[in-house]
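Grab a coffee and open the viewer. Below are some exercises, each with a solution you can follow step by step.

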Amino acid sequence: QENKKDVIWIDGKLVPREEANIPVLTHGLHYASAVFEGERAYNGVIFKSRQHSERLLNSGRQLDFEIPFTAEEIDAAKELVLKENGLVDAYIRPIAWRGAEALGVSAQKNSIHLAIAAWVWPSYFTREERMKGIRLAFARYRRPDPATAPSTAKAAALYSIATISKHEAERQGYSDALFLDWRGRVVECTGANIFFVKNGELHTPDPEGILNGITRQTVIELAKKRGIPVVERAILPEELSTFTESFVTGTAAEVTPVSEIGEHKFTPGEITTTLLNDYENLVQGK
Ligand code: PMP
């Protein structure tokens, strides 16, 4: 499946990708006054589109800006981008940022822009590869205290420590980095939430100070439907040896089993497999 056309929606207009450029003196580039989303369409349907649009608007507000489009308009724009690009199964990336009028830290009157792009982004792994599990290293940095940064927004600024940590993990042969938070609790990966299994129960960090992923919330609902007890709580790195299964969740990662975190080993088992299947069925509309 290839993009038939390659157009990006910017501020209400469809523009060929090579013309979809912004000025170098954009506030969003210099001071990370930018927020974004990551979404997937399956069989032409954007999974939880409205929830992603609302989260985008809310992330903007946390950065003290109001995106000049409603959730309805953003939903429609995403549909249009898929249609115009001839995409059915795709990853969708809306991004909003503060424009280039003034380049001081204060830029109260700068315009707020919104762009939406989409492209084919299949799973990184075949199902067989995925079931072997990915290996995680601990990140060098910690997720900041909500008193230090708007740590629950999907804000570009928060991803600088994610890229540094992920590069470091990849150079050591791991797939991703696992963050501790400012208190030293296990919280999330660079672009995914994390779950653990112990005695038939699902344990996951409470969402304070992290991105409470839409996939995370979906998987919690799916587990409850199956009668699997879900415990949201503080999880310490010392406890990792007490868990038997682990997996990460995210729009891009979907449900991906974890085989190793540092010296701890996990084997994808029944609960991981069940939730991986349930999630796949749900997003595929089955
Ligand atoms: N945590 C972080 C830091 C992320 O970037 C993502 C991906 N958006 C997630 C968790 C998972 O969120 P979602 O399930 O909404 O994609």
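**Exercise 1. Count the helices and strands in the protein chain.**

Solution. The protein chain has seven helices and 16 strands. Here, helices (H or I, at least four residues) and strands (E, at least two) are DSSP runs, numbered from the N terminus. Residues are numbered from 1 along each chain as its sequence is written. Keep in mind that this is a predicted model, where local features need pLDDT of at least 70, side-chain atom pairs count only at pLDDT 80 or more, and totals for chains, interfaces and linings use all residues.

**Exercise 2. Work out how confident the predictor is.**

Solution. Start with pLDDT, the predictor's confidence in each residue, from 0 to 100. The protein chain averages 96, and 99% of the residues score at least 70. Then take the scores for the complex: an ipTM of 0.99 and a pTM of 0.96.

**Exercise 3. Compare the radius of gyration of the protein chain with that of a compact globule.**

Solution. First, the rule: the radius of gyration is taken over C-alpha atoms, and the globule estimate is 2.2 Å times the number of residues to the power 0.38. For 286 residues, that puts a compact globule near 19 Å, and the protein chain has 19 Å, so the two agree. Next, the box: along the principal axes, the C-alpha atoms fill roughly 55 × 40 × 35 Å.

Now for burial. A residue is buried if 20 or more other C-beta atoms (placed from the backbone) lie within 10 Å of its own, exposed if 12 or fewer, and partly exposed in between. Buried residues come to 38% of the 286 in the protein chain.

Last, contacts: two residues are in contact if their C-beta atoms, placed from the backbone, lie within 7 Å. Among contacts with a separation of 6 or more, 70% link residues 24 or more positions apart.

**Exercise 4. Trace the pairings of β4, β6, β7 and β1.**

Solution. Two strands pair if DSSP finds at least two bridges between them.

- Step one: β4 (residues 39-42) pairs with β5 (residues 45-46) in the antiparallel sense over two bridges, and Y42 has V45 as its bridge partner.
- Step two: β4 also pairs antiparallel with β6 (residues 90-98), over three bridges. Here E39 is partnered by I92.
- Step three: from β6, go on to β7, its antiparallel partner over eight bridges. One of the partnerships is A96 with L114.
- Step four: β7 (residues 112-119) pairs antiparallel with β1 over two bridges, and W9 has I116 as its bridge partner.
- Step five: β1 runs antiparallel to β2, joined by four bridges, with I10 standing opposite K13.

**Exercise 5. Which residues with a positive phi sit in the turns or loops of β1–β2, β4–β5 and β11–β12?**

Solution. A reminder before you look: most residues other than glycine have a negative phi.

- β1 and β2 form a hairpin with two residues between them, and D11 in the turn has a positive phi of about 50 degrees. D11 counts as partly exposed because 14 C-beta neighbours lie inside 10 Å.
- β4 and β5 also make a hairpin with two residues between them, where N43 has a positive phi of about 50 degrees.
- N199 lies in the loop between β11 (193-198) and β12 (201-205), and its phi is near 50 degrees. N199 is exposed, since 9 other C-beta atoms lie within 10 Å.

**Exercise 6. Describe the surroundings of L103.**

Solution. L103 is in the loop between β6 and β7. With 14 other C-beta atoms within 10 Å, L103 is partly exposed. Setting aside neighbours within four places in sequence, L103 is in contact with L25, H27 and H30. Now jump 58 residues along the chain to I161: the C-alpha atoms of L103 and I161 are separated by 24 Å.

**Exercise 7. Describe the shell around the ligand.**

Solution. A residue is near a molecule if its C-beta atom, placed from the backbone, lies within 6 Å of it. There are 13 residues around the ligand, and G213, I214, T215, G250 and T251 come nearest. The elements giving two or more residues to this shell are α6 (214-225) and β14 (245-250). α6 gives the most, with three residues.

To sort the shell by type, count Ala, Val, Leu, Ile, Met, Phe, Trp, Tyr, Cys and Pro as nonpolar, Asp, Glu, Lys and Arg as charged, and the others, Gly among them, as polar. That gives three nonpolar, eight polar and two charged residues.
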